Amino acid sequence: MARTPSDITVPDLSGKLAVVTGASDGVGLVLASRLAAAGAEVVMPVRNRRKGAAPVAAIRQRHPDAVVSLRDLDLSSLDSVAALGATLRGEDRPIHILVNNAGVMTPPDRQTTADGYELQFGSNHLGHFALVSHLLPLLRAGRARVTSQISVAANENAVNWDDLNWERTYHGRRAYSQSKIAFGLFGLELDRRSRAGGWGITSNLAHPGVAPTNLLAARPELGRSRDTAGVRLIRVLSRTGLLGTVGSAALPALFAATSPDAAGGRLYGPSGFQHLSGAPAEQAVYSRLRGLDDAQRIWQVSADLTRTEA
């Protein structure tokens with residue numbers, strides 16, 4: 001995989017086990033490939049094993065010594081999340097790196113998960129919250145680095161506390177922002193609880209800036225039959241160098257998950273104009289993610305909704 005002009009050096013990860021959600025394409029595939037190239041064994045949980053076979057083959061073609069495997073995971077189903085947790089706990093191998101990368105963005109009409117939660121809140125946040133809960137013994141055993149992928153959208157709008165499921169009114173962009181704010185609050189609270197409880201887990205946040213990923217592309221299963229005008233514009237600006245590429249968009253999470261200079265409780269993103277592109281660097285945590293009361297509240301609500309306790 002070609003390096004970007006602002007690339008980073010990934011340390012030797014030999015002997016490490018990494019799990020990357022959403023690794024079948026886009027930023028997640030870049031992350032899985034870079035981790036495998038550095039010597040980590042990479043587990044790629046996917047919804048569709050047939051779709052997942054192609055990226056695994058691509059990684060092995062680029063890196064013949066890579067150790068990469070698929071597992072089943074649908075983040076919009078808490079039963080599926082629990083099943084993956086049971087599978088990995090049964091394998092009883094410490095996890096050293098977990099990148100919570102998968103996500104869905106702005107379905108035009110409100111959709112729900114298998115458990116009845118608004119799709120973005122349920123998949124982007126609740127699914128990952130439950131996954132961390134189920135994997136907690138393995139994360140503690142591996143003194144894991146957990147990196148959760150948020151978005152520039154976590155710096156706008158708010159958590160709709162009075163209607164978390166957007167049942168009274170639905171606004172796709174605001175619901176997406178809520179899912180990423182909740183996810184960011186959780187990621188920072190995980191680091192605080194780990195430090196307080198001596199869990200040995202380091203949890204931080206990353207965001208990719210803006211790049212031509214598939215989040216806004218045609219997704220018939222989300223009710224989006226064609227690419228949005230937004231993603232078409234992003235592709236043009238990416239080609240002209242004004243926005244990042246998929247490769248550069250992966251770098252903040254890669255840095256956050258692997259660099260000895262990355263710390264818990266921090267946010268990493270592109271360092272260029274408005275943090276939309278550029279080399280990865282630490283940036284100020286978004287104001288919406290700083291409230292300790294909000295973090296504790298979203299943790300408890302999430303534990304109740306997922307019937308888990310991280």
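## A tour from strand β2 to the cores

Begin by selecting L17 and E41: E41 in β2 is the bridge partner of L17. The chain crosses from β1 to β2 through helix α1, residues 26-37, and this β-α-β crossover is right-handed. The coordinates that you have open are those of a predicted model, and the strands β1 and β2 run parallel in it, joined by three bridges.

Next, select the whole of β2, residues 41-46, and show its side chains. E41, V43 and P45 point one way from the strand, while V42, M44 and V46 point the other way. The strand is mostly covered, since six of its six residues are buried.

Now add β3, residues 67-72, which pairs with β2 in the parallel sense over six bridges. Two places to label along this pairing are M44, which stands opposite L70 in β3, and V46, whose bridge partner in β3 is D72. If you also display helix α2, residues 49-62, you will have before you a right-handed β-α-β unit made of β2, α2 and β3.

From here, turn to the nonpolar interior. In soluble globular proteins, nonpolar side chains tend to be buried together. The largest nonpolar core of this model has 47 residues, and those with the most contacts inside it are I95, L139, I150 and L289. Colour β1, α3, α4, α5 and α9 to see the elements that give two or more residues to this core; the largest share, ten residues, comes from α4. Centre the view on L139, which, leaving aside its neighbours within four places in sequence, is in contact with I95, L98, V132, A144, V146 and I201. A second, separate core of 36 residues includes A40, A66, L70 and L251, and L70 is the residue that you have already seen opposite M44.

Select G269 next, in strand β7, residues 267-270. Is G269 buried or exposed? G269 is buried, because its relative accessible area is 0%. Not counting residues up to four places away in sequence, G269 touches H207, P252, A279, P280, A281 and Q283. Although G269 and S151 are 118 residues apart in sequence, they are 9.2 Å apart in space, C-alpha to C-alpha.

The last stop is D163, in the loop between β5, residues 145-149, and α5, residues 172-197. D163 is buried yet has no salt bridge, and R168, the nearest side chain of opposite charge, is 4.3 Å away; a salt bridge would call for a side-chain nitrogen within 4 Å of a carboxyl oxygen. Leaving aside neighbours within four places in sequence, D163 is in contact with R168 and T169.

Notes
Residues numbered from 1 in each chain as written. Predicted model: local features only at pLDDT ≥ 70, side-chain atom pairs only at ≥ 80, totals over all residues. Heavy atoms only, no water. Helix = DSSP H or I, 4+ residues; strand = E, 2+ residues; numbered from the N terminus. Buried < 20%, exposed > 50% of the residue type's maximum accessible area, 1.4 Å probe, protein only. Lys, Arg positive; Asp, Glu negative; His and termini not counted. Contact = heavy atoms within 4.5 Å. Core = buried A, V, L, I, M, F, W, Y, C linked by side-chain atoms within 4.5 Å. Pairing = 2+ DSSP bridges. Right-handed = clockwise from strand over helix to strand, strands pointing away.
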